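Visitor: Before we discuss individual labels, could you put the model in front of us and explain how each term is earned?

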Amino acid sequence: MNDCTPAPGRAAQIQPRQWLLGALLSLTASLLAAAEPAVVDTARVDERRWQQTVPLYGTLTSPRDAEVTPRIAGLVDTVAVDAGDRVAAGDTLIELDRALARLELDTLQASADEAAAQLDEARRLLREADRLAGRGAVSQSELEARRSQVAVRAAALQRLRAEVAAQRERLTRHTLIAPFDGEVRARLVDPGEYVAQTTPAVSLVATETLRLDVSAPQQYFGLIEPGMQVRVEPETSLDAPLTAKVDVIVGASDASARSFLVRMFVDNANGALTPGMSAKAMLELETAEAVLIAPRDALVRVPGGGTRMWLVREDDDGTLRAVKRQVSLGRSADNEVEVLDGLEAGDRVVVRGNESLEAGQPVRIRDERTSVEERSASPPARDRRSLRLSQPGG
């Protein structure tokens with residue numbers, strides 16, 4: 001046997017020593033790494049009113065859209081409009097043949113004139129009977145008969161005059177007029193057609209003012225009020241967004257959709273919009289009371305569910321350390337979240353470098369962001385905000 005070969009017992013003693021030395025070196029390296037502060041960026045938790053730009057989508061419709069029907073049956077004589085024409089209230093749309101209606105009016109007018117003459121004659125005879133009765137030349141019975149005849153003739157004249165007025169109205173109704181200002185969408189009849197009172201003749205739609213109905217999620221009920229200014233962005237190329245006002249809110253919430261109706265009207269005097277066009281209504285909402293708001297970047301999702309944030313707290317010796325805190329969230333928009341529980345105003349939360357922190361780990365602040373309140377006070381930044389919704393607690 002070679003004398004240089006270590007004995008089995010000696011080799012068994014060397015191996016545990018090597019393992020122990022490696023473990024000590026690893027532990028020393030871990031302690032040195034732990035002693036090195038983690039570099040993080042932070043931001044302060046604000047307490048202020050929640051401001052949020054909410055986009056709601058809908059379709060522009062006309063508040064007046066009708067298929068106009070004749071007010072009387074007849075034969076179409078002329079059609080004064082065609083598709084695309086703009087008309088004002090009272091303009092002629094179609095004319096019906098009125099020859100027979102005129103003749104009927106002339107006949108009734110002649111009968112009324114005849115009845116008026118008969119009434120005049122009856123009144124003359126009554127005056128004559130009054131004079132004769134004073135001298136006893138006419139009996140009382142004859143006098144009463146003359147008075148009755150005047151009443152009968154007066155009633156007949158009144159009836160005929162009413163028939164004349166009715167026929168004159170029928171003659172007027174042979175002209176179909178526009179009930180409101182609008183644009184002719186379609187002409188539905190042609191000259192020579194016979195139309196009834198239920199036959200659509202002209203399809204007319206008002207376009208100077210358009211209606212926009214949108215469905216708002218129920219969590220915004222109470223934040224949207226009539227008279228609120230709204231920025232409307234139609235799905236078309238315009239030089240600038242349009243402005244409108246909330247006209248009415250239908251508070252009867254849709255139980256299945258968890259939403260309620262918001263209606264507004266958009267001025268379209270220049271004709272840049274058309275009914276049926278989709279549009280987006282941008283509502284600037286604000287809560288009545290202040291809430292806690294933190295940057296979204298401070299959120300850390302827990303694999304098993306839930307959400308937490310890392311806070312930076314200072315020890316008595318001035319050392320900054322990471323503190324883990326579970327939080328409950330409310331609304332979420334842009335790069336902000338509403339904190340319902342877990343934080344206080346002024347807390348310093350980690351917004352960068354929070355991916356691998358350990359509880360109690362020393363930290364070094366590289367940058368502390370400007371508060372969310374100061375950044376959102378800048379008008380250009382506020383105009384650029386967009387919405388990213390999340391459910392409360394999400």
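Guide: Helices here are DSSP runs of H or I with at least four residues, and they are numbered from the N terminus. The model is a predicted one, and within it helix 2 supplies the largest share of the positive patch, namely 3 residues.

Visitor: Which residues form that positive surface patch?

Guide: The patch is formed by Arg123, Arg127, Arg131, Arg135 and Arg161. Of these, arginine 161 has its place in helix 3, which covers residues 140–172.

Visitor: Why is arginine 161 called exposed?

Guide: Its relative accessible area is 53%, and because the label exposed requires a value over 50%, arginine 161 is classed as exposed.

Visitor: What makes aspartate 91 partly exposed?

Guide: Aspartate 91, in the loop between strand 5 (86–87) and strand 6 (92–96), has a relative accessible area of 34%; since partly exposed covers the range between the 20% and 50% limits, that label applies to aspartate 91. Aspartate 91 also gathers with Asp181, Glu208 and Asp267 in a patch of negative charge on the surface.

Visitor: Why does threonine 53 count as buried?

Guide: Threonine 53, found in strand 2 (residues 46–61), has a relative accessibility of 5%, and because buried means under 20%, threonine 53 counts as buried.

Visitor: How do you know that the side chains of threonine 53 and glutamate 284 make a polar contact?

Guide: The distance given for this contact is 2.9 Å, and the cut-off for a pair of N or O atoms is within 3.5 Å, so the pair qualifies as a polar contact on distance.

Technical notes:
Residues are numbered from 1 along each chain as its sequence is written. This is a predicted model: local features need pLDDT of at least 70, side-chain atom pairs count only at pLDDT 80 or more; totals for chains, interfaces and linings use all residues. Side-chain values use heavy atoms; hydrogens and water are left out. Helices (H or I, at least four residues) and strands (E, at least two) are DSSP runs, numbered from the N terminus. Buried means under 20% relative accessible area, exposed over 50%, partly exposed in between (1.4 Å probe, protein chains only). A polar contact is a pair of N or O atoms within 3.5 Å; within protein, one must be able to donate a hydrogen and the other to accept it, and residues adjacent in sequence count only if both atoms are side-chain atoms. Patches are made of residues with over 30% relative accessible area and no salt bridge: like charges are joined within 9 Å, nonpolar side chains (Val, Leu, Ile, Met, Phe, Trp, Tyr) within 5 Å. Accessible areas come from the Shrake-Rupley method with a 1.4 Å probe; for residues, only the protein chains shown count as cover. A salt bridge is a side-chain nitrogen of Lys or Arg within 4 Å of a carboxyl oxygen of Asp or Glu. Lys and Arg count as positive and Asp and Glu as negative; His and the chain ends are not counted. The place of a charge is taken as NZ of Lys, CZ of Arg, CG of Asp or CD of Glu.
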